Structures are given as C-alpha cells and as structure tokens.
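Okay, thanks everyone. I'll put the structure up and then talk you through it.

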2 protein chains.
Amino acid sequence: MNWKERFPQFEPGLIELIEKEAVQRSFNAGDVIMRTGQYIKSTALVLEGRVKIYRESQDGGEFLMYYLLPGQACAVSMICAIQTHTSEVMAVAEEDSEVLMIPVHLMDDMMNQYKTWYQFVIQTYRNRFDELLSVVDNIAFRNMDERLEFYLKRYAEKTGKKSMDISHQQIADDLNSSREVISRLLKKMEQRNLVKLHRNMIELI
Amino acid sequence: MNWKERFPQFEPGLIELIEKEAVQRSFNAGDVIMRTGQYIKSTALVLEGRVKIYRESQDGGEFLMYYLLPGQACAVSMICAIQTHTSEVMAVAEEDSEVLMIPVHLMDDMMNQYKTWYQFVIQTYRNRFDELLSVVDNIAFRNMDERLEFYLKRYAEKTGKKSMDISHQQIADDLNSSREVISRLLKKMEQRNLVKLHRNMIELI
DNA sequence: TGAGCCCTGTGATTTCTGTCACCCCGGGAG
DNA sequence: CTCCCGGGGTGACAGAAATCACAGGGCTCA
C-alpha cells in the first residue's frame with residue numbers, strides 16, 4: 001500500500017517533500033523502533049501494523065501508554081524532535097509494521113510552510129494528550145481489576161479482534177504489575193463470564 | 001502589570017486582536033476557573049498568580065496534574081477549545097490570580113494567521129505533555145513516599161519558597177491519598193531531616 | 001523420548017495504603 | 001474564659017497488591 005493513502009489530507013507540496021526526504025522502514029513484531037534515552041533523528045508516522053509506546057522506569061519497570069495505528073504519529077517524537085531532545089519513551093512494533101521516518105531537521109520548515117502538516121501535528125498532540133489523560137485517570141483512581149478491564153477493552157478496540165493472543169506475563173508488564181496478580185484477576189473475570197481463558201489467548205465475551 | 005509583558009513574543013497584530021477580543025478576569029484564591037464537564041468558551045492565559053489543574057474522578061477523588069504560572073496556558077482548554085468540547089479537568093486559582101480569557105471561536109484564525117500564536121500553542125502542548133509524562137511516571141512507578149517528595153519539591157519550585165503554607169489534608173487531596181498516610185510519611189521525612197513540620201506549614205531542608 | 005522452557009494456577013506471607021477510632025492541641029468566636 | 005473546630009498524631013485493622021514458593025501442563029528441540 002502506498003503511504004499517501006494513509007495521509008490523504010496532506011497537500012501536494014508536502015507530499016513531494018516527504019517523498020524526497022523521508023525513509024520508509026519495516027519492522028518485525030518485537031523490534032524496537034525508538035529507545036528511551038536515544039537521540040531522536042526522525043519523527044515516525046505509522047503506515048501499517050501497530051506500535052506500542054511505553055515508559056520505562058530506572059529499575060526495569062515498564063508502563064504502557066498507548067498504541068499507534070496506521071495514520072497516526074508519535075507525539076513524543078515530535079516534541080523531542082523540535083527540541084532536539086532524547087526520547088523519553090520506548091516505541092516497539094507489536095506487529096510487523098511499516099513506518100515512515102521524517103528527519104527532524106525538516107520539522108520547522110514543514111510546520112511553517114504546510115498547513116496540513118501543522119494541522120496534523122496539532123491533531124496528534126490532541127489525541128495523545130487525551131489518551132494520556134485517560135491513562136492518568138486509570139492509574140490514579142482505579143484498582144488493578146478495573147485497569148485490567150480497561151486494558152483488555154482497549155486492546156480489543158485497537159486490534160479489532162475479540163480474541164487476543166497475549167500471555168498473562170505480557171499484560172502484567174504493560175500494567176507494571178505481576179503475573180500472579182493478573183492471573184488471579186483474569187480468573188475472577190472468567191468466573192464473572194467476561195472472558196474465556198486459553199493458553200496464550202484470551203477471548204472477550 | 002500589563003498583560004503584554006507576560007507574552008513579549010506575541011506579534012503586533014496578535015496583540016491587537018487579543019486586546020480587542022479577550023477579557024481579563026480576576027480570581028481569588030480558591031475560585032474555580034473551569035469546572036469538569038463545563039462547556040469551554042475561552043482559552044485561559046495566566047497573567048498573575050498560580051492556577052492548579054487537576055482531574056476529578058466520578059466518586060469525588062481529585063488528582064493534581066500540574067500548576068500554571070504567569071505566562072503559561074492551559075493545554076486542555078486549547079484542546080477542548082478547538083474541538084468545542086467540554087472540559088476534562090478542573091482549574092482552580094491557588095493564589096489570587098489574573099487570567100486572560102480568549103474566546104475559543106478565535107482560535108482557528110489565530111492559529112492560521114499568527115505564527116507567534118501557534119508557536120505558543122505548540123510550546124504549551126509540549127510543556128504540558130512533558131509534565132504529564134512525569135506525573136505518569138510517579139503514579140505508575142513510585143510509592144507514596146516518593147510521590148510525596150516529588151510533590152513537595154515541585155511545590156517549592158513553583159512557588160519559589162522553602163516554606164509552604166499547606167495542611168496535610170490538602171496534600172492528601174492533591175495526591176488522591178488520605179490525611180493519615182501523608183501525616184505519617186511526613187513524620188518519617190522529618191526524622192530523616194528532610195523537612196520540618198509546623199502547624200499549617202512545612203519547611204523544606 | 002526426554003530435557004528444558006514457558007504458561008498458568010494457587011497458597012502463604014509481607015508490604016503498602018486506606019479506613020476507623022480516638023487522642024491532643026491551638027486559635028478564634030462568643 | 002470556655003467552647004468548638006480544624007489540624008495533626010497514632011494505634012488497630014482491612015484490603016489490595018507484590019512476592020515467594022511450588023506444581024502441573026504443553027510445546028519445542030535435540
């Protein structure tokens with residue numbers, strides 16, 4: 001699929017520029033696209049697949065913030081890009097993914113010259129900010145059982161599937177919890193007839 | 001103090017427009033500037049004082065996100081403004097404050113016509129996003145004792161004072177915790193010689 | 001076929017936090 | 001001055017979650 005179809009709103013001049021300067025890269029499921037502390041050289045637009053953005057703590061903990069789907073971009077990479085910062089988050093391909101990498105040194109001009117670009121950037125900030133807000137809500141106000149339900153619901157939404165191929169351990173990592181806790185809570189959900197548990201797979205009901 | 005001195009970066013045309021269309025309002029300490037669920041009619045720029053932005057849960061819990069100081073603006077009000085949404089956060093004056101209210105229907109044109117304005121908006125998004133990230137870090141990875149230390153440090157930074165006039169109950173509210181827990185943790189901090197406790201006042205060391 | 005690994009279930013224990021109960025103290029209102 | 005109220009200290013307890021320990025089952029690979 002041609003990348004332009006993912007971003008039909010972009011104006012011709014912008015498309016030309018991207019065509020000339022950006023690089024399209026493929027990642028396999030599990031590949032790290034951007035690492036915490038890494039110097040950012042490009043802004044990433046997702047074309048295909050699914051990218052997971054999460055935060056890392058000093059002592060090895062992880063915490064999932066949100067997913068990027070085709071047509072979306074990483075707000076953090078834009079933020080850091082403009083300031084020539086290092087990344088504050090990890091980006092990992094959760095499925096095989098196609099990503100368009102736009103060199104950061106172009107950002108300033110693109111913002112100035114292409115209205116459709118800065119609209120896209122603003123839109124991106126807004127969406128990520130909103131998602132971050134709901135994430136804050138969850139960890140600030142909710143117990144693990146409710147957070148788990150939210151997690152599963154969101155996962156199903158993003159993948160569009162009712163059955164998710166994921167282990168309890170992975171969920172625990174994403175929620176910065178532990179496997180046993182997740183297992184127990186899932187068991188309870190199964191008893192409430194909300195899910196059906198299988199090996200490496202959870203079915204939503 | 002004239003509001004223009006708070007925003008020296010704004011270009012002449014923008015200043016004129018704001019002069020003509022915006023309204024300056026005064027709030028006393030404790031006044032609610034924006035309520036959760038309220039329809040947003042203006043974007044707020046802080047001129048004087050200190051404004052607290054926090055999230056509310058359905059069941060009465062609060063959770064402090066960050067402070068706005070003079071020269072800063074509420075990213076959330078911009079987000080909602082552009083989409084003509086309702087507010088997702090509370091904004092309360094923590095000190096007597098002066099706020100410039102810019103009607104939301106102007107936002108689109110301002111973004112298009114005034115470069116200094118959209119730079120300001122982008123900057124605002126970036127800063128708030130960054131703050132939100134560090135907030136997420138704290139609640140996701142840290143225990144209450146570390147969150148408390150972070151809270152006190154930030155409070156001292158924002159006010160520029162080493163002694164803060166605040167009750168344990170207020171801190172507990174901001175952290176969505178309870179008074180007893182905060183009291184105990186503060187006691188421990190006092191034993192570690194990090195603070196000195198007084199009635200309605202905490203001294204940082 | 002057997003070894004090793006990962007996934008899952010489950011009990012026991014511990015730590016952290018929230019909640020309840022009750023205390024004292026200081027300061028302002030009457 | 002006394003009363004009352006909000007601020008703060010503290011113990012006891014409850015519940016959530018993390019941690020430890022261990023067992024069984026399935027899958028892969030030699």
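**Two chains on DNA**

So, starting at strand C: by class, the surface near DNA strand C is made of two nonpolar, eight polar and seven charged residues. Bear in mind that this is a predicted model. In total, 17 residues surround strand C, and the closest are His168(A), Arg179(A), Met144(B), Ser177(B) and Arg184(B).

Let's look at some polar contacts there. The side chain of Arg179(A) puts an N or O atom 2.8 Å from a base nitrogen of DNA strand C. Arg199(A) has a polar side-chain atom 3.4 Å from a base oxygen of strand C. Lys187(A) goes to the backbone of the DNA instead, with a polar side-chain atom 3.1 Å from a phosphate oxygen of strand C. The elements giving two or more residues to this surface are H7 of chain A and H7 of chain B, and H7(A) gives the most, with four residues. As for the DNA side, 41% of the strand C atoms within 4 Å of the protein belong to sugar or phosphate, and the rest belong to bases.

Now over to strand D. Which residues come nearest here? Out of the 19 around DNA strand D, they are Met144(A), Ser177(A), Arg184(A), His168(B) and Asn200(B). Two of those use polar backbone atoms: His168(B) has one 2.8 Å from a phosphate oxygen of strand D, and Asn200(B) has one 2.7 Å from a phosphate oxygen of strand D. For a base contact, go to Glu180(A), where an N or O atom in the side chain is 3.0 Å from a base nitrogen of strand D. H7(B) supplies the largest share of the surface near strand D, five residues. By class, that surface divides into two nonpolar, nine polar and eight charged residues.

Since H7(B) keeps coming up, what does it pack against? Helix H5 of chain B, residues 144-159, and H7 of chain B, residues 179-191, have axes that come within 10 Å and cross at roughly 75 degrees, so the two helices are roughly perpendicular. Among the residues that meet are Leu148(B) and Leu152(B) from H5(B), and Ile182(B) and Leu185(B) from H7(B). That contact has eight nonpolar, no polar and two charged residues.

Last stop, the protein–protein interface. There, 36 residues of chain B are in contact with 36 of chain A. Together the chains bury about 3400 Å², with 68% of it on carbon and sulfur atoms. Arg126(B), Phe129(B) and Phe141(B) supply 21% of the area chain B buries against chain A, more than any other three residues.

How values were computed: Residues are numbered from 1 along each chain as its sequence is written. Chains are lettered from A and ligands numbered from 1 in the order in which they are written. This is a predicted model: local features need pLDDT of at least 70, side-chain atom pairs count only at pLDDT 80 or more; totals for chains, interfaces and linings use all residues. Side-chain values use heavy atoms; hydrogens and water are left out. Axes are lines fitted to C-alpha atoms, for helices over the stretch in contact, and angles run from 0 to 180 degrees between N-to-C directions. Angles under 35 degrees count as roughly parallel, over 145 as roughly antiparallel, 65 to 115 as roughly perpendicular and the rest as oblique. Contact means heavy atoms within 4.5 Å. Ala, Val, Leu, Ile, Met, Phe, Trp, Tyr, Cys and Pro count as nonpolar, Asp, Glu, Lys and Arg as charged, and the others, Gly among them, as polar. A residue is near a molecule or strand if one of its heavy atoms lies within 4 Å of it. A polar contact is a pair of N or O atoms within 3.5 Å; within protein, one must be able to donate a hydrogen and the other to accept it, and residues adjacent in sequence count only if both atoms are side-chain atoms. Buried area is the accessible area (1.4 Å probe) that two parts lose on being put together, summed over both.
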